[in-house]
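Let's take a walk through this structure together, going from the way its helices pack to the sheet beside them. Keep the 3D view open as you read.

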Amino acid sequence: MTRDRKSIAAPALCALGLVLAGCAYMQPQSDHPQRTTERDKTKKGAAIGAASGAVLGAVLGEGELDEILAGAAVGAGVGAGVGAYMDKQEEELARIPGTSVERVADDMLLVHFDSDILFTVDSALLNPGSRATLDQAAQVFAQHPKTAIIAQGHTDSTGSEVHNQELSERRAEAVMNHLIGRGVDRARITAVGYGEGHPVASNETSSGRAQNRRVDLLLKAKAR
């Protein structure tokens, strides 16, 4: 389901403010460092993910997208029509079964895939059903070559942080490589893993962990 780009800016900024305020509130007030348990880490991460949503996705990936857009990979920009350019791309992506799209900014989209559509537990191997979904997304990207793409890999909190970081990177690369294999220019797409640090649901339930095993696609168009 798409969201109106005129209405997302204020909630997004508000959500980011809540995240920053929440982080400041959670800082220890004592001079002595406090021990963080696995349970504490899970609860804190779930709260941040639930509060921020697309905002964190944009903050995390925008730097990589700007590097692509600064190069020659996507050629000249679309100018003042960048909003309409992203409108069209948003509409086409939202029609793909198993996907939803958030309008993060006038020139930026965050594409989500339904829970469990991409990967099973502790796996970076694409599920058979996910390939058709990614194939359709690749067709949309091919028709909108002025957009840079970052595949953002995430995991649930099961396992060690080191393992989850590596797993998230392999998941992001699996999606990126599939899109490249379906005709997306390698120069306009990159992959980054964020481990378990940015959940969108609680890791204390199986359904929440399923939602956190994901790869989102952050898209940004070149205006100039």
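## Helices and sheet in a predicted model

Arg131, Leu134, Asp135, Ala138 and Phe141 of H5 make contact with Val175, His178 and Leu179 of H6. Sorted by class, this contact of H5 with H6 is made up of five nonpolar, one polar and two charged residues. Please keep in mind that the model you are viewing is predicted.

How do the two helices lie against each other? Helix H5 covers residues 128–143 and helix H6 residues 161–181; they pack at an angle of about 60 degrees, and their axes are 9 Å apart. That angle makes H5 oblique to H6. The crossing of these two helices is right-handed.

### A second partner for H5

Now turn to helix H4, residues 82–94. The axes of H4 and H5 cross at roughly 165 degrees and come within 10 Å. H4 and H5 are therefore roughly antiparallel to each other, since an angle over 145 degrees counts as such. Here too the crossing is described as right-handed, with H4 passing H5.

On the H4 side, the residues in this contact are Gln89, Glu92 and Leu93, and on the H5 side they are Ala137, Val140, Phe141 and Gln143. By class, the contact of H4 with H5 has four nonpolar, two polar and one charged residues. Phe141 is worth picking out in your viewer: this H5 residue meets H6, and Phe141 is also listed in the contact with H4.

Gln143 deserves a look as well. This glutamine belongs to helix H5 and takes part in the contact with H4. Is glutamine 143 buried or exposed? With a relative accessibility of 52%, glutamine 143 counts as exposed, because the cut-off for exposed is over 50%. Its C-alpha atom is separated by 9.8 Å from that of valine 184, a residue 41 positions away along the chain.

### The five-stranded sheet

In which order do the five strands of the open sheet stand? The order is E1-E2-E5-E3-E4, and the pairing is mixed. E1 and strand E4 (189–193) are at the edges and have a single partner strand each, so one side of each is left without a neighbour in the sheet. From one strand to the next, the twist averages 20 degrees.

Let's start at the E1 edge. Strand E1 (residues 99–105) pairs with E2 in the antiparallel sense over six bridges, and a hairpin of two residues joins E1 to E2. Moving inward, E2 is joined to strand E5 (residues 214–221) by four bridges, and these strands run antiparallel. E5 in turn pairs with E3 in the antiparallel sense, over eight bridges.

Some of the residue pairs across these strands are set out here.

| Residue | Bridge partner |
|---|---|
| Threonine 99 | Phenylalanine 113 in E2 |
| Arginine 103 | Leucine 109 in E2 |
| Leucine 109 | Leucine 219 in E5 |
| Valine 111 | Leucine 217 in E5 |
| Glycine 153 | Valine 215 in E5 |

Leucine 109 is a handy landmark, as leucine 109 is the partner of arginine 103 and also has leucine 219 in E5 as a partner. Nearby in the sequence, methionine 108 stands opposite lysine 220 in E5.

### How covered are the strands?

How many residues of strand E2 (residues 108–113) are buried? Six of its six residues are, and E2 is mostly covered. Met108, Leu110 and His112 point one way from E2, while Leu109, Val111 and Phe113 point the other way; all are buried.

E5 is mostly covered too, with eight of its eight residues buried. On one side of E5 are Arg214, Asp216, Leu218 and Lys220, and on the other are Val215, Leu217, Leu219 and Ala221; both faces are covered and all these residues are buried. For the edge strand E1, five of its seven residues are buried, and E1 is also mostly covered.

### Where helix meets sheet

To finish, bring the helices back into view. H6 lies across E3, E4 and E5, and runs at about 160 degrees to E4. H6 is also the helix that packs obliquely against H5, with Val175, His178 and Leu179 on its side of that contact.

Definitions and conventions. Residues numbered from 1 in each chain as written. Predicted model: local features only at pLDDT ≥ 70, side-chain atom pairs only at ≥ 80, totals over all residues. Heavy atoms only, no water. Axes fitted to C-alpha atoms, helices over the stretch in contact; angles between N-to-C directions. Parallel < 35°, antiparallel > 145°, perpendicular 65-115°, else oblique. Left-handed = near helix turned anticlockwise from the far one by under 90°. Contact = heavy atoms within 4.5 Å. Nonpolar A, V, L, I, M, F, W, Y, C, P; charged D, E, K, R; others polar. Buried < 20%, exposed > 50% of the residue type's maximum accessible area, 1.4 Å probe, protein only. Pairing = 2+ DSSP bridges.
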